[in-house]
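Colleague: Could you walk me through this model at the bench level? I would like to ask about a few residues and then work towards the ligand and the core.

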Amino acid sequence: MKALTFRAEREVVVENVAEPSIECSTDVIVRTRTSAICGSDLHVYLGREKGIEPGTVMGHEFLGEIVETGAAVKDLSPGDRVVSPFTTSCGRCFYCNRGLSCRCLEGQLFGWIENDEGLHGAQSEYVRVPLAETTLVRVPESVDDETALFTGDILATGFFCAEMAEAGPGRTVAVVGCGPVGLFAVIGARERGAETVLAIDVVPERLALAKRFGGEPIDASSTDPLPVVKERTDGRGADAALEAVGSPEAARLAIDLIRPGGILSVVGVHTESRFAFSPVEAYDKNLTYRTGRCPARRFIAPLLSFVARKKYDFRSIVSHRLPLSEGPRGYDLFHRRLEGCTKVVLTF
Ligand code: NAD
Ligand code: ZN
């Protein structure tokens with residue numbers, strides 16, 4: 001089958017690899033209908049996250065149709081259209097029972113193989129899904145492929161970020177970074193009832209989308225966000241900052257924007273070894289800091305009901321639909337933000 005694999009820093013290729021097969025009775029094989037490139041794939045692509053083995057199939061955002069089931073799989077059948085969270089989960093361990101499926105004791109991240117261990121990704125024609133019954137979610141007919149695809153990662157992560165930020169009525173929050181995750185954090189904050197959602201980035205297309213989703217855009221390339229946020233909050237600062245970038249500069253900006261007693265909610269994946277703020281600053285601000293991988297599995301079912309109401313045009317974030325064979329170009333466009341690239345979806 002055709003798959004997009006990691007070869008070296010800034011080099012991904014489409015090549016022929018062996019089709020996956022059932023390895024364990026709880027596995028299923030999914031034929032991919034749509035798969036996407038995530039900001040998290042860029043950390044690997046750009047060499048910020050190291051350790052992945054060359055030849056690993058990239059990607060963890062996918063939706064497809066089940067073509068084969070392991071002997072122990074009873075609740076899923078060939079033909080089912082399913083979406084996957086970006087990690088697998090058993091549904092019954094200490095962490096799964098507490099809604100933290102991303103830390104499942106048996107869980108694995110799609111698209112990460114290191115020292116011969118791990119799981120291939122989903123930017124390929126077929127994907128093997130372990131722990132299938134407690135990982136995959138069946139998609140109702142009323143929801144289209146791309147919208148459903150987003151519930152497994154970027155939409156779940158945006159809502160998780162808004163949840164950690166306690167965005168809600170009467171609160172003013174600042175979203176730092178309006179990539180796909182930040183854009184969906186804008187929607188998450190609005191849906192939780194936040195009064196004002198300030199949305200910060202430097203890319204015009206992304207700021208325009210933030211506005212369409214109910215945010216008030218601030219272009220940090222021409223406007224210093226700090227005085228704007230202060231002015232909107234009687235000089236105090238935001239009740240929470242939602243950081244969806246994953247860089248020291250973004251984390252620094254986020255903490256500067258928060259008022260004393262505020263919350264810093266970080267879903268951006270950080271690869272540096274030190275915080276952008278000191279323990280003294282955290283103390284002096286009575287800061288609450290929340291971060292981590294999104295337990296996407298617990299968000300998917302409620303999000304599928306939410307998107308079925310069609311309140312937002314979630315697909316409007318997609319700027320490029322490319323066949324898998326053009327995946328390498330998709331990585332280049334997405335990371336350099338060329339041609340107005342806001343989100344790349346791969347077609348099969
Ligand atoms: P992206 O790279 O498209 O988005 C990042 C955005 O931040 C871009 O629009 C960029 O212009 C903007 N930006 C960069 N520096 C900035 C700064 N200093 N101030 C304001 N804006 C700035 O990627 P994405 O797909 O939206 O992902 C965003 C982050 O979320 C990545 O770090 C990704 O790894 C992470 N992520 C985390 C989880 C999780 O479970 N926690 C899940 C998915 C993605
Ligand atoms: Zn992702």
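Colleague: Happy to start with a single residue: is Tyr289 buried, partly exposed or exposed?

Modeller: Two notes before that: this is a predicted model, in which local features need pLDDT of at least 70 and side-chain atom pairs count only at pLDDT 80 or more, while totals for chains, interfaces and linings use all residues. Residues are numbered from 1 along each chain as its sequence is written, chains are lettered from A and ligands numbered from 1 in the order in which they are written, and side-chain values use heavy atoms, with hydrogens and water left out. Buried means under 20% relative accessible area, exposed over 50%, and partly exposed in between (1.4 Å probe, protein chains only). Because its relative accessibility is 32%, Tyr289 counts as partly exposed.

Colleague: Thanks! Which strand holds Tyr289?

Modeller: Helices (H or I, at least four residues) and strands (E, at least two) are DSSP runs, numbered from the N terminus. For Tyr289, the run covers residues 288–291, and that is strand β15.

Colleague: And which residues does Tyr289 contact, leaving aside neighbours within four places in sequence?

Modeller: Contact means heavy atoms within 4.5 Å. With those neighbours set aside, the partners of Tyr289 are Leu264, Val266, Phe275 and Phe277.

Colleague: How far apart in space are Tyr289 and Ala240?

Modeller: In sequence, the two are 49 residues apart. From C-alpha to C-alpha, Tyr289 and Ala240 are separated by 9.9 Å.

Colleague: Let's turn to Thr88: why does it count as buried or exposed?

Modeller: Thr88 sits in the loop between β5 (81–83) and β6 (112–114). Its contacts, leaving aside neighbours within four places in sequence, include Ser101, Cys104, Phe110, Leu119 and Thr135. Because its relative accessibility is 1%, Thr88 counts as buried.

Colleague: What about Ser77, and how far is it from Gly182?

Modeller: Ser77 is in the loop between β4 (61–69) and β5, and with 33% relative accessibility it counts as partly exposed. Beyond neighbours within four places in sequence, Ser77 contacts Ile66 and Thr69. Gly182 is 105 residues away in sequence, and the C-alpha to C-alpha distance is 35 Å.

Colleague: Now the backbone: what is the phi of Glu166?

Modeller: Glu166 lies in the loop between α4 and β10. At 38% relative accessibility, Glu166 counts as partly exposed. Its phi is positive in a residue other than glycine, near 50°.

Colleague: And where is Glu339, which has a positive phi of about 50°?

Modeller: Glu339 is not a glycine either. It is exposed, with a relative accessible area of 56%. Its place is the loop between α11 (327–336) and β17 (344–347).

Colleague: On to the ligand: which residues come nearest to ligand 1?

Modeller: A residue is near a molecule if one of its heavy atoms lies within 4 Å of it. There are 28 residues around ligand 1, and those that come nearest are Ser40, Asp201, Arg206, Val245 and Cys294.

Colleague: How far is a polar side-chain atom of Asp201 from an oxygen atom of ligand 1?

Modeller: Other oxygen distances help to set the scene: a polar backbone atom of Gly39 is 3.0 Å from an oxygen atom of ligand 1, and a backbone N or O atom of Gly179 is 3.5 Å from one. For the side chain of Asp201, the distance is 2.7 Å.

Colleague: Which element supplies the largest share of the shell around ligand 1?

Modeller: α1 (39–45), α5 and β11 each supply at least two residues of that shell. The largest share is three residues, and it comes from α1.

Colleague: Last topic: which helix gives the most to the largest nonpolar core?

Modeller: A nonpolar core is a set of buried Ala, Val, Leu, Ile, Met, Phe, Trp, Tyr and Cys residues joined through side-chain atoms within 4.5 Å. The largest has 54 residues, and those with the most contacts inside it are Phe150, Phe184, Leu242, Phe314 and Ile317. Elements that each supply at least two residues include α3 (145–151), α4 (154–164) and β13 (238–243). With eight residues, the one that gives the most is α4.

Technical notes:
A polar contact is a pair of N or O atoms within 3.5 Å; within protein, one must be able to donate a hydrogen and the other to accept it, and residues adjacent in sequence count only if both atoms are side-chain atoms.
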